[in-house]
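Work through the exercises below with the model open. Try each task before reading its solution.

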Amino acid sequence: MKIVFENPDKVNGLMTLTVEESDYAAQVDKQLKEYRKKANIPGFRPGMAPMGLIKKQVGTQAKMDVINKVVGEEMYKYVQDNKIQMLGQPIPSENQVPQDLEKDTTFTFVFDIAVAPEFEVKLSGHDKVDYYNIVVDDALIDRQVDMFASRSGSYVKAETCEGNDILLGDLRELDAEGNTLEGGITLSEARIMPSYIANAEQKNIFDGCKLGDILTINPRAMYTDAEMAALLKVEKDQLAAHEGNFSYQITEISRYQKAEVNQALFDSVYGEGVCADEAAFRAKIAEGVKVQLQSDTDFKFLQDVRAHIEKKIGTLTFPDAILKRIMLASNEDKGAEFVEKNYEASIKQLTWHLIKEQLVAAHQIKIEDEDIKATAVEAARVQFAQYGMNNVPTEYLENYAQEMMKNRESIDGLVDRAIDVKLTTALKSVVKLNEKEITLDEFNKLMEA
């Protein structure tokens with residue numbers, strides 16, 4: 001097989017493959033013989049049909065299958081042997097001449113190949129990148145203590161309504177004169193949260209209300225169709241018949257009360273006896289927050305390294321026409337408009353991918369199974385911590401991580417995360433860190449920018 005690769009501008013590649021009969025004939029014969037052994041053709045015993053008949057039935061298809069296989073294998077071997085950094089898949093050239101697979105013996109296939117632009121990423125101590133150290137101050141710890149107290153709280157009974165209290169009451173539909181409507185809706189333990197009522201006039205009716213009060217309300221004015229249907233326990237198509245006023249007698253007021261900051265809270269968050277007093281509890285919180293924020297600051301650092309390198313290498317030239325055709329082939333159902341709309345963002349992500357490839361190779365970063373498992377365990381730990389569960393046993397975290405690793409998409413994400421962790425550690429020792437202390441609120445504003 002003859003292969004010619006042209007790449008005059010370094011990014012737009014054109015590969016021409018000339019396939020001779022000797023490149024595929026033996027494989028086609030082998031495939032036809034295999035088919036003959038299994039063919040069930042009327043009038044002939046299995047394996048005894050004339051080869052001429054076999055060729056007539058499936059010869060062209062077998063030839064096409066083998067040629068496609070040979071072309072694919074030789075193309076990728078050439079790319080690999082010649083260290084061509086190909087982007088995406090080869091795509092048939094628009095100048096491809098039709099081939100007659102049935103009659104011809106020599107075939108010429110032409111493919112457009114998108115080649116990555118040539119550039120070099122070099123970082124050293126002369127490269128200065130910001131690194132933000134989030135201050136774990138008393139205000140931040142206070143917020144965490146308040147969060148734990150809120151999550152461990154409970155509902156208590158109250159006499160008057162305030163804040164986000166939940167009311168239970170008897171709901172009765174009224175007639176035009178304000179009397180209970182005969183045959184109307186009557187419900188007990190109807191649940192209402194005044195703070196969630198959007199209509200100001202209806203919301204004000206509940207101001208200062210007490211246990212036992214009887215209020216006149218209008219659900220139609222208070223709620224959307226879905227909310228009103230849920231309150232009255234009717235279908236949406238029945239709401240039009242119940243748009244008048246209702247009486248509501250409050251039978252219970254429930255108020256969510258935060259847990260006290262005491263030993264019971266310490267034990268529920270970190271396990272029995274881990275924190276002997278509030279000082280130890282706050283110290284433990286600070287320790288956990290610092291670890292969590294380290295992950296956030298490292299993420300921001302890698303983003304800033306990316307921006308620094310992108311500025312350093314400048315705008316790269318890509319084979320736009322070929323890449324757009326490749327992108328369109330992968331998104332045929334979305335069309336050319338989708339490609340044009342998303343192409344710039346795709347190139348930006350591709351640029352970072354190429355940069356990252358060079359960084360990973362330069363620092364000899366390799367990901368082993370243990371790295372993936374450690375990343376999964378840490379992801380599980382963070383996920384549970386977000387729900388206030390800080391004393392989850394290691395065995396449980398490892399079991400949860402194992403379940404995550406059974407999912408192919410999860411594995412890909414974990415590998416990417418493991419690479420980022422190792423790459424960040426490596427880069428922090430290479431560039432000059434411009435360290436800055438910052439509050440969490442200031443850091444969050446930076447991340448939103």
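**Exercise 1.** How many of the 8 residues of strand β7 (residues 166-173) are buried?

*Solution.* First, the ground rules. This is a predicted model, where local features need pLDDT of at least 70, side-chain atom pairs count only at pLDDT 80 or more, and totals for chains, interfaces and linings use all residues. Residues are numbered from 1 along each chain as its sequence is written, and side-chain values use heavy atoms, with hydrogens and water left out.

Strands (E, at least two residues) and helices (H or I, at least four) are DSSP runs, numbered from the N terminus. Buried means under 20% relative accessible area, exposed over 50%, partly exposed in between (1.4 Å probe, protein chains only). Now count: 6 of the 8 residues in β7 are buried, and the strand is mostly covered.

**Exercise 2.** Find the strands joined to β7 by bridges, and the residues opposite Gly 169.

*Solution.* Strands pair if DSSP finds at least two bridges between them. Take β10 (residues 246-257): 8 bridges join this strand to β7, and the two run antiparallel. Here Ile 250 stands opposite Gly 169. Then take β8 (residues 186-192), also antiparallel to β7, with 5 bridges. In β8, Ala 190 faces Gly 169.

**Exercise 3.** Place Ser 254 and list its partners.

*Solution.* Ser 254 belongs to β10. Its relative accessible area is 11%, so Ser 254 is buried. Its side chain makes a polar contact (N or O atoms within 3.5 Å, one able to donate a hydrogen and the other to accept it; residues adjacent in sequence count only if both atoms are side-chain atoms) with the side chain of Glu 252, at 3.2 Å. Beyond four places in sequence, Ser 254 is in contact (heavy atoms within 4.5 Å) with Tyr 155, Val 156, Lys 157, Asp 165 and Ile 166.

**Exercise 4.** Why is Cys 209 not in a disulfide with Cys 161?

*Solution.* A disulfide needs two cysteine sulfur atoms within 2.5 Å. The structure holds 0 disulfides. For Cys 161, the nearest cysteine sulfur is that of Cys 209, 4.1 Å away. That separation is too far for a bond. Cys 161 is buried at 12% relative accessibility, and Cys 209 is buried at 2%.

**Exercise 5.** Which helix gives the most to the largest nonpolar core?

*Solution.* A nonpolar core is a set of buried Ala, Val, Leu, Ile, Met, Phe, Trp, Tyr and Cys residues joined through side-chain atoms within 4.5 Å. The largest has 33 residues; Phe 318 and Leu 323 are among those with the most contacts inside it. Helix α10 gives the most, with 9 residues.
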